[in-house]
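Trainee: I should like to understand how the descriptive terms applied to a protein model are justified. May I put some questions about the one shown here?

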Amino acid sequence: MGTSVQVSPLCGVYNENPLSYLVSIDGFNFLLDCGWNDLFDPSLLEPLSRVASTIDAVLLSHPDTLHLGALPYAMKQLGLSAPVYATEPVHRLGLLTMYDQYLSRKQVSDFDLFTLDDIDSAFQNVIRLTFSQNYHLSGKGEGIVIAPHVAGHMLGGSIWKITKDGEEVVYAVDYNHRKERHLNGTVLQSFVRPAVLITDAYNALYTNQTQSHHRDTEFLDTISKHLEVGGNVLLPVDTAGRVLELLLILEQHWSQRAFSFPIYFLTYVSSSTIDYVKSFLEWMSDSISKSFETSRDNAFLLRHVTLLINKTDLDNAPPGPKVVLASMASLEAGFARDIFVEWANDPRNLVLFTETGQFGTLARMLQSAPPPKFVKVTMSKRVPLAGEELIAYEEEQNRLKREEALRASLVKEEETKASHGPDENSSEPMVVDTKTTHDVVGSHGPAYKDILIDGFVPPSSSAAPMFPFYDNTADWDEYGEVINPDDYVIKDEDMDRGAMHAGGDVDGRLDEATASLMLDTRPSKVISNELIVTVSCSLVKMDYEGRSDGRSIKSTIAHVSPLKLVLVHATAEATEHLKQHSLNSICPHVYAPKIEETVDVTSDLCAYKVQLSEKLMSNVIFKKLGDSEVAWVDSEVGKTGSEMRCLQPMGSAAAPHKPVLVGDLKMQDFKQFLSSKGVQVEFAGGGALRCGEYVTLRKVGPTGQKGGASGPQQILIEGPLCEDYYKIRDYLYSQFYLL
């Protein structure tokens with residue numbers, strides 16, 4: 001029996017809702033992503049609420065709201081308490097994303113789904129892993145190994161590989177095969193024949209016809225055209241994800257063209273975001289890493305981009321055309337919404353969308369039809385209380401404090417009475433004239449009273465004898481210095497500020513203005529009004545989402561060639577399209593479950609644990625293969641004294657086996673290798689490699705094999721038996737391991 005695997009979507013199937021999936025492997029429950037959208041609708045999390053307490057581990061793939069936005073709420077309200085695993089950038093940038101989300105909403109509503117403390121609590125115990133790091137779970141998850149791999153969509157974004165008893169479950173959503181300025185492409189193609197592949201069909205119906213450099217040229221020309229006629233350009237962006245690629249594009253173009261138009265990056269945590277990103281160069285593309293190694297040039301030392309954390313600084317900026325990248329991309333909250341309302345009625349301005357707006361948001365509405373148009377927008381802002389409202393608020397707070405103090409004193413009195421206990425030996429209460437008890441006031445301050453109980457316990461309902469009591473603690477130390485206890489008391493707000501500056505949960509990288517905003521406890525209220533906004537500005541959408549398109553998705557899945565395929569996160573049309581394509585061309589077991597529908601994708605393979613006997617191991621010759629060693633073993637299965645299956649030497653001589661070449665030859669790499677050996681080599685038609693004058697190499701696979709290059713293949717050497725033939729054959733054999 002293979003490893004038991006069940007998949008149950010909790011959100012994000014047959015639609016564009018956030019991602020959240022329950023995967024059970026031999027009874028160990030993984031939550032793959034814990035997303036929410038910018039509408040923060042609690043009803044989306046109802047399926048999660050029913051299983052949150054049973055989850056054993058959470059794996060986060062990307063640092064945006066769609067992949068981790070519900071984590072603070074789930075841990076505070078839904079009973080989620082499992083350990084969380086993520087890469088360092090996903091952890092840090094995800095934390096800043098949630099800070100920005102909370103602050104954006106707190107400025108326009110009485111947002112109470114979670115607090116900053118809830119965000120800190122959710123992220124403080126995240127277990128951080130590096131790419132390709134194998135992490136062995138313990139306890140209930142004994143035998144399970146998890147590892148993040150490069151997804152190529154966002155900084156630190158991960159494909160998760162879960163391994164149990166040699167079988168692999170791969171979770172790959174929102175990956176990108178293309179190499180970008182700040183990210184390498186995904187490594188999903190390196191996985192071959194996993195037991196289960198869980199992937200999205202988000203772009204299954206979309207084909208990108210534009211080359212990257214042509215798209216960048218169009219992007220920059222569109223921006224320049226509006227700036228040169230005196231218009232402003234607004235790019236609604238996420239907090240710390242795809243915006244990084246846009247910043248690099250603009251920074252490089254401004255450096256080359258020497259533009260004087262200012263660029264502003266405006267979020268509540270913009271400076272903190274860039275501070276972190278500067279230290280994450282090892283997670284970025286090879287070109288950025290090499291540039292820093294050779295010239296110490298940090299790509300995110302932005303010389304043409306000004307970082308802002310409040311809109312007042314933007315309003316006070318010099319007049320004239322400008323480019324502003326502001327959160328949120330959905331235009332549901334944040335600075336981008338305010339700026340859009342201000343700039344929408346000027347036809348010279350441009351709102352440039354770089355991703356498809358989330359369903360039901362203002363951004364999606366604007367992308368659905370071209371201007372001119374009218375949209376109804378509710379604008380809200382938080383203002384400090386003043387005048388009679390402030391007086392009434394303070395009176396109410398004082399009343400609540402008095403009531404709280406009264407309740408506390410009553411509770412303390414009840415506890416004091418309970419501590420004495422009932423007097424079972426006394427039939428009558430003791431009567432004591434408390435008027436005869438005197439208060440004594442001396443140089444040590446006010447009098448103190450204490451109860452002297454000697455040989456009896458008074459009943460709880462009676463008064464007790466009271467005697468004057470003095471605290472003899474000296475007001476000075478042994479050196480004669482006066483001790484003032486207030487000097488040693490640290491106020492709570494001072495501790496909060498000190499923690500924020502000293503590091504807190506974000507290692508001291510929150511600037512002072514952002515920290516003060518977080519700690520602002522002044523009484524305030526939210527005022528709202530509805531506006532009819534005339535949209536006369538240009539609205540343009542370009543694809544900078546950083547996801548593979550439909551053609552690349554199909555090619556990648558075919559190359560991986562999983563035994564079983566589970567499709568999630570896409571519209572119904574895209575899901576069904578990719579499902580039918582996969583059934584026809586890739587694998588016979590394709591599933592597209594609905595919300596809370598559990599599908600059993602247990603492997604049909606049978607895996608057994610066996611021991612290698614010492615007698616067998618003594619005759620095995622290993623050969624190095626990467627980080628591992630391989631050998632050909634001829635053996636038979638037996639049992640040890642403990643009934644454990646064991647591989648033992650064969651009783652009779654084994655028949656000779658055919659030579660086995662272990663490895664994966666890429667024709668492009670072999671071409672470069674032959675060139676380095678002085679062989680004239682070039683590609684011929686059909687992917688064949690023409691080596692020298694007479695010899696040709698080509699890859700061939702079994703006829704009719706599904707998945708194309710994903711199955712076993714042969715390399716044919718064609719040509720006459722000459723000196724070049726044997727020389728090239730020797731070079732070819734040197735690229736493999738011969739068993």
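The conversation below takes several terms in turn and sets each against its definition.

Trainee: What kind of model is this, and how are its residues numbered?

Mentor: This is a predicted model, in which local features need pLDDT of at least 70, side-chain atom pairs count only at pLDDT 80 or more, and totals for chains, interfaces and linings use all residues. Residues are numbered from 1 along each chain as its sequence is written, and side-chain values use heavy atoms, with hydrogens and water left out.

Trainee: What pLDDT does the chain average?

Mentor: The chain averages a pLDDT of 84, and 81% of the residues score at least 70; pLDDT is the predictor's confidence in each residue, from 0 to 100. Over residues 495-505, however, the pLDDT is below 50. The pLDDT also stays under 50 over residues 703-711.

Trainee: How many helices and strands does the chain have?

Mentor: It has 20 helices and 35 strands. These are DSSP runs numbered from the N terminus: helices are H or I runs of at least four residues, and strands are E runs of at least two.

Trainee: Why is Gln358 called buried or exposed, whichever applies?

Mentor: Buried means under 20% relative accessible area, exposed over 50%, and partly exposed in between, with a 1.4 Å probe and protein chains only. Gln358 has 17% relative accessibility, so it counts as buried. Across the chain, buried residues make up 44% of the 739 residues.

Trainee: Which residues does Gln358 touch?

Mentor: Gln358 is found in the loop between β16 (350-353) and α12 (362-368). Leaving aside residues up to four places away in sequence, it touches Asn37, Asp38, Leu66 and Arg364, where contact means heavy atoms within 4.5 Å. The side chain of Gln358 reaches the backbone nitrogen of Asp38 at 2.9 Å. Gln358 and Leu39 are 319 residues apart in sequence, yet 9.0 Å apart in space, C-alpha to C-alpha.

Trainee: How do you know that strand β9 is mostly covered?

Mentor: Seven of the seven residues in β9 (residues 158-164) are buried. One side carries Ser158, Trp160, Ile162 and Lys164, and the other carries Ile159, Lys161 and Thr163. In a regular strand the side chains alternate between the two faces of the sheet.

Trainee: What makes β9 a paired strand, and which strands are its partners?

Mentor: Two strands pair if DSSP finds at least two bridges between them. Strand β8 (residues 144-150) and β9 have seven bridges in the antiparallel sense, with Val145 opposite Thr163 in β9. On β9 and strand β10 (residues 167-172) there are five bridges, again in the antiparallel sense, and Ile162 stands opposite Val169 in β10. Both pairs therefore meet the requirement of at least two bridges.

Trainee: What lies between β9 and β10?

Mentor: β9 and β10 form a hairpin with two residues between them, and Asp165 in the turn has a positive phi of about 55°.

Trainee: Why is the pairing in the wider sheet called mixed?

Mentor: Seven strands form an open sheet in the order β7-β8-β9-β10-β11-β22-β23, with mixed pairing. The edge strands are β7 (135-136) and β23 (590-591), each pairing on one side only. Within this sheet, β8 and β9 are antiparallel, whereas β10 and strand β11 (residues 196-200) run parallel over four bridges.

Trainee: Why do Ser132 and Ser561 deserve attention, and are they buried or exposed?

Mentor: Most residues other than glycine have a negative phi, and most peptide bonds are trans. Ser132, in the loop between β6 and β7, has a positive phi of about 70° although it is not a glycine. Ser132 has 48% relative accessibility, so it counts as partly exposed. Ser561 lies in the loop between α16 (550-560) and β22, and its phi is near 50°. Because Ser561 has 3% relative accessibility, it counts as buried.

Trainee: Which peptide bond is described as cis?

Mentor: The bond from Ser327 to Met328 is cis, with omega near 15°. Met328 lies in the loop between β15 (323-326) and α11 (335-343).

Key. A polar contact is a pair of N or O atoms within 3.5 Å; within protein, one must be able to donate a hydrogen and the other to accept it, and residues adjacent in sequence count only if both atoms are side-chain atoms.
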